[in-house]
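Here are my notes for you, as numbered points. Keep the picture open while you read, and take the points one at a time.

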Amino acid sequence: MENKILLAHGSGGKLAHELVEKSLVKALANPFLAKLDDSAVIDFSGRLAFTTDSYVVSPIFFPGGDIGKLAVCGTVNDLAMSGARPLYLSLSFIIEEGFSQSELDEVVDSIRKTAGEAGVEIVTGDTKVVHRGSADKLFINTAGVGIIAEGVNISGSNAKAGDKVILSGAIGEHGIAVVSQREGLSFSTNLKSDCAPLGSLVAEMIDACPNIHCLRDPTRGGLATSLNELAKQSMVSIRIEEERIPLREEVLAACEMLGFDPLYVANEGKLVAIVPSKDADRVLKAMRKNRYGKNATIIGEVGAEKPGRVVMKTILGASRIVDMLVGDLLPRIC
Amino acid sequence: MKYISEFRRSELAQGLLSQIQRQSKTPVRFMEFCGGHTVTIFRYGIRQLLPKTIEMVSGPGCPICVTANADLDKAIALAQVPGVIIATFGDMLRVPGSRSSLQETKAVGGDVRTVYSTMDALKVAEDNPDNSVVFLGIGFETTAPTIAASILQAEEKGLKNYYVLSLHKLCPPVIKALLDWSEVKLHGLICPGHVSAIIGSHPWEFIARDYGIPCVISGFEVLDILQSVSMLVNQVENGKSQVEIAYRRGVRPEGNQQALKLMRQVFEPAPAQWRGMGEVQGSGLKLRKKYQRFDAELAFDIKSGPTSEPAGCICGDILRGVKTPADCQLFGKTCTPQYPVGPCMVSSEGSCSAYYFYGVSLGE
Amino acid sequence: MCLAIPALIKSIENKEAEAEIGGISRRISLWLTPEARVGDYVLVHTGYAINILDQREAEETLTLLRQIAQLEEEG
């Protein structure tokens, strides 16, 4: 019979210790975890970026990734969006009683691989097991810290009129990859989630231009929501051109079928950068050298009139407003 | 994507716009009946690009928007019955009824599941034999045959737990009612493309013949809409009024006989409540006696409580083309996509939603 | 209303078909279009083919639109 996680695995006793040592410490092997202390103790100097996120994606395994990979990338990317070099992560599991041990091992392995690629260490964590029905299989929380170099000042409120807006690649892949697995919507596609750690991409961008104004990763709510957030935070307007936005045919096809607008579909391995106009080409060049920025392109620019508004020029040349996502993206017949 | 991308080519759009600019002399008001056409028009900013001689007004062709509160309340009441699973198209989830919405009902324990197709709903019924699965049958003649097919499939499979709440509407009767009320003078009608794929072009002929209004059956891509507007302008400038099919790749004059056959086998016309328009005879569909056992209205004792309309909401006037969202006191203030008061703001193809999202008065 | 997209039929089994559009594929029902064949393009609405797309008409419409574009440019 397949090994299952039991309530006892979360209770702090022998089974719990076994779970932590075998499935987590051993798998994620590093000096911090090996100490098994209550806290990781780290030497630090400089400006610290600190972020946290919880991951409740369903299904937990999807084309191109899983909840573990997402939990590392999401937090690593949030640090990167502040211009920080991601360093250390905490990792907390809330496991539903009855969850399969082998699936947990798979998730942990995915975390290990992704953390390795991202150059971060998991230094502390926690495991809880809850009654059947109290969690949807597995929830993960990660918190992360990173260090911001001197002179780097990236914030959603720094955009200035005349800046260029750069998008690192095609949109909508993660959202569509996940939705293709949902009950009631199933369709098959070669599309994979674009889930990826962007720390190295951002580091290379900052090398090319320390004066990047804004970075944002368009996750839930998609590109449209992120651009709106930036426009409001910086009190500027953002104008983009529909034709310039890279979009894969499969994403467009799935959106057409379900009635989604690709501008609102989630991404987990893309970023939007707002940079001074004179630096745009240099940043673009640096991005295109990185595997996660190969298709980077300038999609628009920042203006001063009508602050807070995002406007898109359609293929016909007319303009329309692009608002934030409201509610959830739901498949529609109309 | 084949047969989509080709109909979005901007250089071909310029040609059509140019043709329209050149030909249009008489001031006219055209209505696009179908919500899907409204979305294309707003998404591409077509209104801004047409000459000043052409005024576009949106019609009530949004099946979500025209579902009466009383009917939505029934669906919500059903969602609260223990053991019932509501299977619905995503469009209906956030629409506010008199007291609640399906989404809110789901949040407090109702089993409400979004599906893309009745095929998925049938699977839910097969996988949950101890539950009753009620499918919310909304939509026009495009969707009704698919619901009919699902009932016939349920019959074939011997499913005892599949039901349909039929809230389907038919287009030609309501267009006739609109024209009879003549609240808005129309000089041309863009007819729904996929409804016509099912019913053909003949059911629209009364509009051209008895009301003298030119009709063009249009597809949903930007080139389709522009071509249809051009054809309407052409009819107007030449004093013609007939039904033309612009969407020739999708619509045959006789429609889809098989789909009509299945629809008529399972459903019969019945009076229906249209939001903002009251009861329109023969504009709805109900299950025939032979298929009564699939009828959710008969299978469940639905206690939906008193119906109320949201105060200040002028969705009804907007649906009839008499007012625009800009005329509504609530628009953009107390009624927003995040906190919608009426369905025209919730539905992705409702006029209010289109105005809000695409910023209609953008003269850029 | 009525989102329907053109999809290519790749295979048929009983009254269902595997249809493909832009690299994604989905099982669809042919209950409303029993005469559809492999290689046909059909309009898919909520998982059902509601009509067979007339490819010849599609090409003719595009030709017409190209002619209009050309005439307008010259004129």
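1. Let's start with chain B. Among its contacts between residues at least 6 apart in sequence, 78% join residues at least 24 apart. A contact here means that two C-beta atoms, placed from the backbone, lie within 7 Å. Chain A can be put the same way: residues 24 or more positions apart account for 85% of its contacts with a separation of 6 or more.

2. Before going on, some housekeeping. This is a predicted model, where local features need pLDDT of at least 70, side-chain atom pairs count only at pLDDT 80 or more, and totals for chains, interfaces and linings use all residues. Residues are numbered from 1 along each chain as its sequence is written, while chains are lettered from A and ligands numbered from 1 in the order in which they are written.

3. Back to chain B as a whole. Its secondary structure comes to 16 helices and eleven strands; both are DSSP runs numbered from the N terminus, helices being H or I with at least four residues and strands E with at least two. The radius of gyration of chain B is 21 Å, close to the 21 Å from the globule rule for 364 residues, so chain B is as compact as a globular protein of that length. (That radius is taken over C-alpha atoms, and the rule is 2.2 Å times the number of residues to the power 0.38.) The C-alpha atoms of chain B fill a box of roughly 65 × 45 × 40 Å along the principal axes.

4. How much of chain B is buried? Buried residues make up 59% of its 364 residues. Buried means that 20 or more other C-beta atoms lie within 10 Å of a residue's own; exposed means 12 or fewer, partly exposed is in between, and C-beta atoms are placed from the backbone.

5. For a close-up, find helix α6 (residues 118-127) of chain B, which is mostly covered, with seven of its ten residues buried. Among them are B:Met119, B:Leu122 and B:Val124. What covers the buried residues of α6(B) includes β5 (132-137) and α7 (144-157) of chain B, together with β3 (24-29) of chain C.

6. Now chain A, which has nine helices and 14 strands. Its radius of gyration is 21 Å, close to the 20 Å that the globule rule gives for 334 residues, so chain A is as compact as a globular protein of that length. Of those 334 residues, 51% count as buried.

7. Look for the open sheet in chain A: four strands in the order β1-β6-β4-β5, with mixed pairing. Two strands pair if DSSP finds at least two bridges between them. Why do β1 (47-55) and β5 (121-130) of chain A each have one side without a neighbour in the sheet? They stand at the edges, each with a single partner strand, so one side is left free of a neighbour. Strand β4 (residues 84-96) of chain A runs parallel to β5(A), joined by nine bridges.

8. Where do chains A and B meet? 24 residues of chain A are in contact with 39 residues of chain B. On the side of chain A that touches chain B, α8(A) gives the most, with five residues.

9. Last, confidence. Chain C averages a pLDDT of 94, pLDDT being the predictor's confidence in each residue, from 0 to 100. The predictor gives the complex an ipTM of 0.96 and a pTM of 0.90.
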